[in-house]
Amino acid sequence: MRNMISVLSRLRVPAADAIRIRRSVIAAILAFSLLATAAPTSVGPADPKLYLNDIKTLAAPNMEGRGAGTRGLAKASKYLEHRYKSLGLKPAGTNGYLQPFTVTTGAKLKSDNSFVEQVGGKKQALVLNQDFVPASFSSSGSFTGSVVFVGYGASADEFQYDDYGGVDVKDKIVLMLRYEPEIFGEKSGHQGLTQHSQLITKAINARNHGAKAVIFINGKLADGEEDLLMRFGSVSGPTDAGIMLLQVKNAVAADWFQAAGKSLPEVQQQINHLGKPASFSFPATLQLSLRVDIEATHARVNNVLAYLPGKTSEYIIVGAHYDHLGRGDSNSLAPSQIGQIHPGADDNASGTAGVLELARLFAPLKGQFDRGILFASFSGEELGLLGSAEWVKEPTLPIDKCVAMLNMDMIGRIKDGKVYIGGVGTGTTFKSILEQAQKHSGADFKIEYSAGGYSASDHTSFVAAKIPVLFFFSGLHSDYHKPSDTWDKINAPSAARLLDMISDVALQLVSAPTPPKFVTVVEDKPMGGISGGGGYGPYFGSIPDFGEVKDGVRFSDVRPGSPAAKAGLRAGDILVQFGDKPIHNLYDFTDALRRSKVGEVVAVRVMRDGKPVMASVRLEQRK
Ligand SMILES: [Zn+2]
């Protein structure tokens with residue numbers, strides 16, 4: 001087979017002398033007689049027009065931004081199913097082309113939310129969405145008790161600042177300001193707000209101090225700024241933070257301060273002026289009765305899967321996620337435009353259309369390659385790589401026959417020929433395949449390679465299953481996760497040239513005598529503006545599974561050579577305790593890690609096969 005390829009390719013070069021021509025003619029005749037059994041050595045070029053048409057369709061208003069639980073997403077899955085079917089590809093889901101699964105999409109307020117204040121014997125009920133609103137990640141439940149003011153609710157060892165110093169909040173309601181003391185900006189070098197400003201950090205900190213509920217207020221407003229309650233569901237957090245969390249208007253809290261003989265603006269000013277906490281307990285004459293009633297919302301979504309069989313049972317996966325943010329959720333980077341459709345033309349109609357275009361090019365070559373191709377359109381990516389994780393957990397083809405996974409996520413905004421390719425170190429043959437592909441396709445991209453296969457898209461689910469992956473990406477841009485990620489900004493000609501290169505990679509992978517072997521990449525660098533996880537405190541080395549676990553954080557993998565690996569932790573372990581802090585979810589883990597120091601030895605508890613296992617992890621410096 002390999003000789004045949006070199007013979008055929010030599011025929012394309014004009015030969016200089018007659019003898020070589022005669023040899024070539026003989027070779028051509030030989031080749032022709034064998035063509036019936038030879039695999040094709042190239043596929044047609046990608047068509048930028050067809051490609052852009054698919055993006056337009058997927059990013060159209062009737063697809064509603066392809067948010068989980070929207071009719072638009074269901075419409076998108078129908079469209080993909082129809083396209084795969086009309087190409088004559090085999091259904092490869094659990095229900096025809098579809099593989100349905102359930103995701104948590106958010107939360108909704110139910111009927112029983114109330115807030116009653118009792119100030120010096122005077123009882124008053126506040127009005128939902130006018131005076132108060134619960135956070136979408138608040139626990140449901142009810143509590144009546146007294147109140148402690150805890151400044152900004154921050155415990156920041158690194159700044160020698162603790163709003164909880166000298167006050168007892170056990171079984172109390174804590175009242176706090178949004179954001180953080182001004183001194184944090186000075187001490188952290190004015191690089192924007194620190195993690196202490198985040199609501200979820202404040203909630204976890206309050207819970208770890210034994211409080212029963214958190215009430216927060218906007219506090220001092222900028223000139224002309226209105227004292228608005230946050231929109232329910234607009235701030236991201238876990239499904240349940242493990243503590244009640246509500247916002248009230250400044251004016252409500254200002255009355256409590258007044259009844260206690262204090263002034264809210266003065267106290268806030270004092271904290272910022274002196275750089276010191278000013279926490280205090282309100283007199284017991286202030287009692288609050290809180291009731292929060294929230295329900296998680298779920299949706300049934302589908303991966304769409306189509307198969308092009310090869311001569312053997314081995315295959316590769318060519319995939320991309322097709323879901324996006326709908327009308328914007330807590331992942332929107334334009335919070336003021338939540339409610340508007342986030343069309344996600346680049347993220348990731350561009351990759352989805354890429355899969356369709358490759359399916360169109362390969363479909364006529366059914367049965368001609370040694371290996372098959374599974375074309376996969378994943379859902380639930382924006383919620384945490386859920387569709388790809390579902391497929392790896394419940395593979396619809398034998399997963400041990402999958403020799404490589406190619407993922408396209410945001411390939412539509414190639415600028416100045418710059419392309420990022422990740423995972424190059426995860427397969428033994430990838431580097432040379434990519435070099436060949438670039439040559440064959442004539443693409444003159446400036447490619448930035450990265451060896452590791454872990455980054456924020458679906459290929460990560462496959463690395464954890466020890467499948468070699470390649471990740472194609474054209475870089476972040478200012479329209480990312482905003483309503484302005486529209487189809488007219490797509491660079492279709494460049495994307496089509498990248499698809500030519502990817503189709504050549506696929507072609508080599510389905511034809512090569514031996515498939516790439518998986519290689520574990522120990523070190524990695526961040527790529528194309530995707531954070532390698534910096535800012536999360538010291539290095540621990542686990543790869544969390546974003547799928548839902550009842551309690552704790554499940555590791556889909558543990559990086560080899562990392563502190564976690566050295567401590568004997570492994571894939572499948574569920575972290576439930578980190579030092580003195582219980583871990584209920586990923587937010588708890590991130591918070592605990594940020595509060596730790598490099599070199600610290602932390603006693604952790606994981607659940608392994610249902611039994612607790614203890615381990616000591618020495619935290620290291622992130623590289
Ligand atoms: Zn995205």
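What arrangement do the 4 donor atoms around the zinc ion make? The angles they subtend run from 56 to 145°, which makes the arrangement irregular. That label follows from the cut-offs: four donors count as tetrahedral if all angles lie between 85 and 135 degrees; four count as square planar and six as octahedral if opposite donors are over 155 degrees apart and all others between 65 and 115; anything else is irregular. The model here is a predicted one, in which local features need pLDDT of at least 70 and side-chain atom pairs count only at pLDDT 80 or more, while totals for chains, interfaces and linings use all residues. Residues are numbered from 1 along each chain as its sequence is written, and side-chain values use heavy atoms, with hydrogens and water left out.

Back to the zinc ion. Its coordination comes from Asp347 (OD), Glu382 (OE), Glu382 (OE) and His481 (NE2), at 1.9 to 2.5 Å. Donors here are N, O and S atoms within 2.8 Å of the metal (3.2 Å for Na, K and Ca), and since water is not among the atoms, sites may look incomplete. Along the sequence, the donor residues follow the spacing D-x34-E-x98-H. Aspartate 347 sits in helix 9 (residues 345–362) and glutamate 382 in the loop between strand 17 (372–378) and helix 10 (386–393), so this pair, 35 residues apart, links distant parts of the chain. Helices (H or I, at least four residues) and strands (E, at least two) are DSSP runs, numbered from the N terminus. Both aspartate 347 and glutamate 382 are buried; buried means under 20% relative accessible area, exposed over 50%, and partly exposed in between (1.4 Å probe, protein chains only).

Serine 457 is next, in the loop between strand 20 (446–449) and helix 12 (459–463). Serine 457 counts as buried because its relative accessibility is 0%. Its side chain makes a polar contact with the side chain of aspartate 409, at 2.7 Å. A polar contact is a pair of N or O atoms within 3.5 Å; within protein, one must be able to donate a hydrogen and the other to accept it, and residues adjacent in sequence count only if both atoms are side-chain atoms. Leaving aside residues up to four places away in sequence, serine 457 touches Glu381, Leu385, Asn407, Asp409 and Phe471, with contact meaning heavy atoms within 4.5 Å.

Helix 8 (residues 264–274) has two sides to look at. Its buried residues are Leu264, Val267, Gln268, Ile271 and Asn272. Seen down the helix axis, these fall within an arc of 130°, so they line one face of helix 8; the arc is that of the directions from the helix axis to the C-beta atoms. On the other side, Pro265, Glu266, Gln269, His273 and Leu274 are exposed. The buried residues pack against several elements, including strand 10 (173–177) and helix 7 (250–259). At the N-terminal end, serine 263 acts as a cap, with a side-chain oxygen 3.2 Å from the backbone nitrogen of glutamate 266.

As for strand 10, 5 of its 5 residues are buried. Ile173, Leu175 and Leu177 point one way, while Val174 and Met176 point the other way. Strand 10 runs parallel to strand 7, joined by 3 bridges, and parallel to strand 11, joined by 5 bridges. Two strands pair if DSSP finds at least two bridges between them.
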